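This briefing is intended to be read alongside the sequence and the three-dimensional structure. Please keep both at hand while working through the topics below.

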Amino acid sequence: MNRAVVLGGGLAGVLAATVLARHVDEVVVVERDHFPAAPGPRRGLPQSHHSHVLVTGGAEALATLLPGTLQELYAHGAHRRGLPGDSLILSGDGWFHRFDCAAYFISCTRGLLDHVVRRRAGVRVRQGVQVLGLTGDARRVTGVRVTGAETIEAGLVVDATGRRSQAPRWLAEIGGPPIEETTVSTGLAYATRICQAPPGLDDLPAIMLHPTPGLPRGATLLPLEGGRWVATLTGTQGSAPPLDEAGFLAFARSLRDPIVAELLAMTAAEGPIRPFRDTANRRRHYERAALPAGFAAIGDAAVAVNPLYSHGMSVAALGALRLDRELRCAGAGPGLQAALVAEAEPSWRMAVARDRHVNGTEPEPQVSEHARKVRARLARARLGSAELAAELFHAQALIPAPPLDGAARFHALAGEPAPPLTSDQARRQYPALTFGATTPR
Ligand SMILES: Cc1cc2nc3c(=O)[nH]c(=O)nc-3n(C[C@H](O)[C@H](O)[C@H](O)COP(=O)(O)OP(=O)(O)OC[C@H]3O[C@@H](n4cnc5c(N)ncnc54)[C@H](O)[C@@H]3O)c2cc1C
């Protein structure tokens, strides 16, 4: 294979191109947007105004793909937060105790992350060029049509144009198979504000207030580079967070705990409050179709999960690593798409299993009273058991669960659960939240 063309220069596209460059003579990345010269949001990536964390599985994949990237992010002020070791979390079942485990995430602006990745990847991107369609037929994709009436021929075309990808239509236009699509939407709406942290409080633990069926509103407050915080409020079921300052703060005060509202009241806003509503889980099942040779899809273009789960960037990095392995071992054969999508499977399953029942989209499966009680007990026990919490957070961070033998699980479940934490007790686990004169409350 001489040339590969990657459609889209987002994270999935740049990382796929990094890997492809090891296997083909030439890689062309086509991106309709123009990248900013310095770290910052851009038009083609509207979500870059919103909080983005890179969970452990993705961070490790990124470190393997582009060694030194994490160090550079930290050097530019990105924060590492343990899950739940450096995160104050109010789940639907109560406050988590503070435990250390291998799960963590990196928090910085999306602009910084993309900037560092692009610089280290060093792949050449043709900016300001829009993909209009594919060339080829039902048996083989031979290239892409782009603006300027140009055709770029390629042995492999990788679609990485994100959650609004038009590739199913482009395939249909050349006689390709229909692509099944699954969409599961909770109607989640985001509103995000970036702000200057008050002096002495820039090293905040991450704060996460989860929605519950009774109050489908949540919030995260995360540290960013440059002594800033990013606050994201979320709501479903007609409970979209307002975009005006007073409404935003009132929404934060309406949550199950006032900590986000109290901390926000100490900050100075930086820029407007930004909305985001296209949050559905969306999967294009390319792996089920008899795809023409020479075509694959990666990142959000194939599987986009509800951003609430913070997995998309990690899945993009894991997908690129898998692309490397597949090209090394099996080449770009018929099994490639199924292999790529396997990297998104844990994230997709987790998101869809939870979101399917939000808003009554699908009725909850019937479970016995006994099963319901065991589940509730497990959820309560998890708040105060390091072993059980690690199981949960490892899954959320897309890393293998630590081995938990049957006896330890039985003990965690059968023993008396740790007493639930009050809001004050939960806060006092974090010295940064009991800081001198600026202590909230
Ligand atoms: C509000 C929000 C918050 C999120 N938070 C997190 C988080 O905390 N953690 C996390 O891991 N993930 C998060 N995500 C998901 C994450 O943003 C995506 O998974 C990630 O950006 C996927 O990268 P991608 O390269 O597949 O797609 P994108 O980043 O969307 O990139 C697609 C690229 O293709 C370009 N493009 C599109 N069409 C064309 C065309 N026709 N021709 C040429 N170029 C084209 C676009 O300009 C863009 O640059 C969040 C998403 C949203 C919406």
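How many of the 8 residues of strand β14 are buried? In this predicted model, the count for β14, which spans residues 189-196, is 7, and the strand is mostly covered. The points below begin with the sheet that contains β14, and then turn to a set of hairpins, two helices and several individual residues.

**The seven-strand sheet**

- β14 belongs to an open sheet of 7 strands with mixed pairing, in the order β6-β5-β15-β16-β17-β14-β18.
- The edges of this sheet are formed by β6 (94-95) and β18, each of which pairs on one side only.
- With strand β17 (residues 228-235), β14 forms an antiparallel pair over 8 bridges. Within the two strands, Arg193 is placed opposite Ala231 of β17.
- With strand β18 (residues 268-276), β14 again pairs in the antiparallel sense, here over 6 bridges. Ala191 faces Pro275 of β18 across this pair.
- Elsewhere in the sheet, strand β5 (residues 87-91) runs parallel to strand β15 (residues 206-209), and 4 bridges join them. Leu88 is found opposite Ile207 of β15.
- In a regular strand, side chains alternate between the two faces of the sheet.

**The hairpins of β9, β10 and β11**

- Strand β9 (residues 131-136) pairs with strand β10 (residues 141-146) in the antiparallel sense over 5 bridges. The bridge partner of Gly133 in β10 is Arg145.
- The connection from β9 to β10 is a hairpin of 4 residues.
- β10 also pairs with strand β11 (residues 150-153); the two run antiparallel and are joined by 4 bridges. Here Gly143 stands opposite Glu153 of β11.
- The hairpin of β10 and β11 has 3 residues between the strands, and in it Gly148 adopts a positive phi near 90°.
- Ala149 lies in the loop between β10 and β11. Its phi is also positive, near 55°, in a residue other than glycine.
- Is Ala149 buried or exposed? Because its relative accessibility is 82%, Ala149 counts as exposed.

**The packing of α2 against α8**

- Two packed helices are described by the angle between their axes and the distance between the axes.
- The axes of helix α2 (residues 56-65) and helix α8 (residues 312-329) come within 8 Å and cross at roughly 45°. That angle makes α2 oblique to α8.
- The crossing of the two helices, α2 and α8, is left-handed.
- On the α2 side, the residues in contact are Gly57, Gly58, Ala61, Leu62, Thr64 and Leu65; on the α8 side they are Ser314, Ala317, Leu318, Ala320 and Leu321.
- Classified by type, the contact of α2 with α8 contains 7 nonpolar and 4 polar residues, and no charged residues.

**The surroundings of Leu54**

- Leu54 is located in strand β3 (residues 52-55).
- Its relative accessible area is 1%, so Leu54 is buried.
- Leaving aside residues up to four places away in sequence, Leu54 touches Ala59, Leu62, Tyr104, Phe105, Ile106, Leu113, Met313 and Ser314. Among them, Leu62 also takes part in the contact of α2 with α8, as does Ser314.
- Leu54 and Ala397 are 343 residues apart in sequence, yet 8.6 Å apart in space, C-alpha to C-alpha.

**Helix α12 and the residue Leu398**

- The buried residues of helix α12 (residues 386-396) are Leu388, Ala389, Ala390, Glu391, Leu392, Phe393 and His394.
- The elements that cover these buried residues of α12 include β5, α10 (345-355), α11 (369-384) and α13 (406-414).
- α12 is followed by Leu398, which lies in the loop between α12 and α13.
- Although Leu398 is not a glycine, its phi is positive, at about 60°.
- Leu398 counts as buried because its relative accessibility is 18%, and buried means under 20%.

**A cis peptide bond**

- Leu83 and Pro84 are joined by a cis peptide bond, with omega of about 5°.
- Pro84 is in the loop between β4 (79-82) and β5.

Key. Residues are numbered from 1 along each chain as its sequence is written. This is a predicted model: local features need pLDDT of at least 70, side-chain atom pairs count only at pLDDT 80 or more; totals for chains, interfaces and linings use all residues. Side-chain values use heavy atoms; hydrogens and water are left out. Buried means under 20% relative accessible area, exposed over 50%, partly exposed in between (1.4 Å probe, protein chains only). Two strands pair if DSSP finds at least two bridges between them. Axes are lines fitted to C-alpha atoms, for helices over the stretch in contact, and angles run from 0 to 180 degrees between N-to-C directions. Angles under 35 degrees count as roughly parallel, over 145 as roughly antiparallel, 65 to 115 as roughly perpendicular and the rest as oblique. A crossing is left-handed if the near helix is turned anticlockwise from the far one by less than a right angle, and right-handed if clockwise. Contact means heavy atoms within 4.5 Å. Ala, Val, Leu, Ile, Met, Phe, Trp, Tyr, Cys and Pro count as nonpolar, Asp, Glu, Lys and Arg as charged, and the others, Gly among them, as polar.
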